[in-house]
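Visitor: Hi! I'm new to this one, could you walk me through it?
Guide: Happy to; let's put it up first.

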Amino acid sequence: MQPVFDGHNDVLMRLWETAGRGGDPVTEFRDGIATGHIDGPRARAGGLAGGLCAIFVPSRQGPRPTFDGGSYASPLAEPIDQPAALAAAVAMAGIAHRLDREGAWRLCTSTAAIRQAMDDGVFAAVLHMEGCEPLDPDLLALDAFHAAGLRSLGPVWSRTNAFGHGVPFAYPSSPDTGPGLTEAGVRLVKACNRLGIMIDLSHITEQGFWDVAKVSDMPLIATHSNVHAITPVTRNLTDRQLDAIRDTGGMVGLNYATSFLRPDGQDNATTPLTDMVRHVDHLVEHLGIDGVGLGSDYDGATIPAEIGDAAGQQALVGALRQAGYGEADLAKLCGDNWLRVLAQVWRE
């Protein structure tokens, strides 16, 4: 079994929602549950050894893509007030620390800690923030979250906030859908460079992508995005963006969301694994084998039925092996590339 360290999941949001219903998030993750994608037992069964776990505050009314003649265009989700977002984010960070304290997973802030957790058979969790609505424009909260273990963030989700503009969900469409970083967003990028926090470009507009490229001294990274030339949805990356990521020594994590994988953009779990391999092949062609990883979006998207959940993770590994990727390349795709780029960002 090839162990996998994954670039993006939303399990913390799911556990936060469980807690909001009066459930026990530690028991749910440690003992397992029939719904969702990730828990301890299913992660072990599928070789999912760890990943970047997102603090993501959902919108009250999320965008709901509806196909009309083979296309869709959803408006951006409504903005979220910072105080409300901060309260939710603190609660998710608290759940992450409770899971660590109870031994259900291990919070990691170094690649040595990730490797040790994987060797010990404990899920290696890295705190990520998807959309920085919890942060104030003066960035006073950023240092507190960093002290709590935050080591990666995406300035925006698919909505507007104080730091920049996200892409709406639309197909077919260019990712060039609006403005990029705000002045506060530029300050955020510089602060992340100073603190050693990875910057994720997965939901930002194309203009925002180039704004980050201009300001940041880190590798350009998209933790969970795919190839626009194959699936022309706003969330995917153009070849020009891929080439820019390559030139900085950055990387892209393959998103398992079927609407970002299928050439027809449909949200359909019957998506074949060959569609995933096609995106990996294109990413490797532009980024090289050292610039590609996995960024599942578990617990945040419809994923191919042949995988199903974390327990089925090895189905993708098998499809890549069958497509001709050898064991050394699979080790890179399944985790070593993430550890390389994290070590660089974290200045190890």
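Guide: We'll take the strands first, then a helix, the cores and the cysteines, and keep in mind that this is a predicted model.

Visitor: Sounds good. Strand 5: is it buried or exposed?
Guide: Strand 5 is mostly covered, with 7 of its 7 residues buried.

Visitor: Which residues sit on each side of strand 5?
Guide: Ala124, Val126, His128 and Glu130 are on one side, while Ala125, Leu127 and Met129 are on the other. Both faces of the strand are covered.

Visitor: Why do they split up like that?
Guide: In a regular strand, side chains alternate between the two faces of the sheet.

Visitor: OK, and how many bridges join strand 5 to strand 6?
Guide: There are 4 bridges between strand 5 (residues 124-130) and strand 6, and the two run parallel. As one example, glutamate 130 is opposite glycine 154 in strand 6.

Visitor: What about strand 2 and strand 5?
Guide: Strand 2 (residues 48-55) pairs with strand 5 in the parallel sense, over 6 bridges. Isoleucine 55 stands across from methionine 129 in strand 5. Strand 4 also pairs with strand 5 in the parallel sense, over 2 bridges, and leucine 107 is opposite alanine 125 in strand 5.

Visitor: Back to strand 6. Is that one buried or exposed?
Guide: Strand 6 (residues 150-154) is mostly covered too: 5 of its 5 residues are buried. Strand 6 is also joined to strand 10 (residues 198-199) by 2 bridges, with the two running parallel. There, leucine 153 has isoleucine 199 in strand 10 as its bridge partner.

Visitor: What unit do strand 5, helix 6 and strand 6 make?
Guide: Together, strand 5, helix 6 (residues 140-147) and strand 6 make a β-α-β unit, and that unit is right-handed.

Visitor: Let's switch to helices. Which residues of helix 5 are buried?
Guide: In helix 5 (residues 111-120), the buried ones include Thr111, Ile114 and Ala117. Looking down the axis of helix 5, its buried residues fall within an arc of 120°, so they line one face of the helix.

Visitor: Why would residues a few places apart share a face?
Guide: An α-helix has 3.6 residues a turn, so residues three or four places apart point the same way.

Visitor: Which residues are exposed on the other side of helix 5?
Guide: Ala112 and Asp119 are exposed there.

Visitor: And what covers the buried residues of helix 5?
Guide: The cover includes strand 1 (4-9), strand 4 (106-107), strand 5 and helix 12 (327-345).

Visitor: What follows helix 5?
Guide: Glycine 121 follows helix 5, and its phi is positive, near 75°.

Visitor: New topic: which residues touch the most other members in the largest nonpolar core?
Guide: That core has 101 residues, and Trp105 and Leu142 touch the most other members. Setting aside neighbours within four places in sequence, tryptophan 105 is in contact with several residues, including Val11, Phe29, Cys53, Leu99, Val122 and Ala125. Another core, of 10 residues, lies apart from the largest one, and Tyr72, Ala77, Trp157 and Tyr171 are among its members.

Visitor: How about other sheets? What order do strands 11, 12 and 13 take?
Guide: Those 3 strands form an open sheet in the order 11-12-13, with parallel pairing. Strand 11 (221-222) and strand 13 (292-294) are the edge strands, each pairing on one side only. Strand 12 (residues 251-254) pairs with strand 13 over 3 bridges, and valine 252 has valine 292 in strand 13 as its bridge partner.

Visitor: Last thing, how many disulfides does a search of the whole structure find?
Guide: The search finds 0 disulfides.

Visitor: Why is cysteine 108 not in a bond?
Guide: Its closest cysteine sulfur, in cysteine 53, is 9.6 Å from the sulfur of cysteine 108, which is too far for a bond. Cysteine 108 also counts as buried, at 1% relative accessibility.

Visitor: And why not cysteine 132?
Guide: For cysteine 132, the closest cysteine sulfur is in cysteine 192, 6.8 Å from its own sulfur, so that is too far for a bond as well. Cysteine 132 is buried, with a relative accessible area of 0%.

Technical notes:
Residues are numbered from 1 along each chain as its sequence is written. This is a predicted model: local features need pLDDT of at least 70, side-chain atom pairs count only at pLDDT 80 or more; totals for chains, interfaces and linings use all residues. Side-chain values use heavy atoms; hydrogens and water are left out. A disulfide is a pair of cysteine sulfur atoms within 2.5 Å. Buried means under 20% relative accessible area, exposed over 50%, partly exposed in between (1.4 Å probe, protein chains only). Two strands pair if DSSP finds at least two bridges between them. A crossover is right-handed if, with the strands pointing away from the viewer, the path from the first strand over the helix to the second runs clockwise. The arc is that of the directions from the helix axis to the C-beta atoms. Contact means heavy atoms within 4.5 Å. A nonpolar core is a set of buried Ala, Val, Leu, Ile, Met, Phe, Trp, Tyr and Cys residues joined through side-chain atoms within 4.5 Å.
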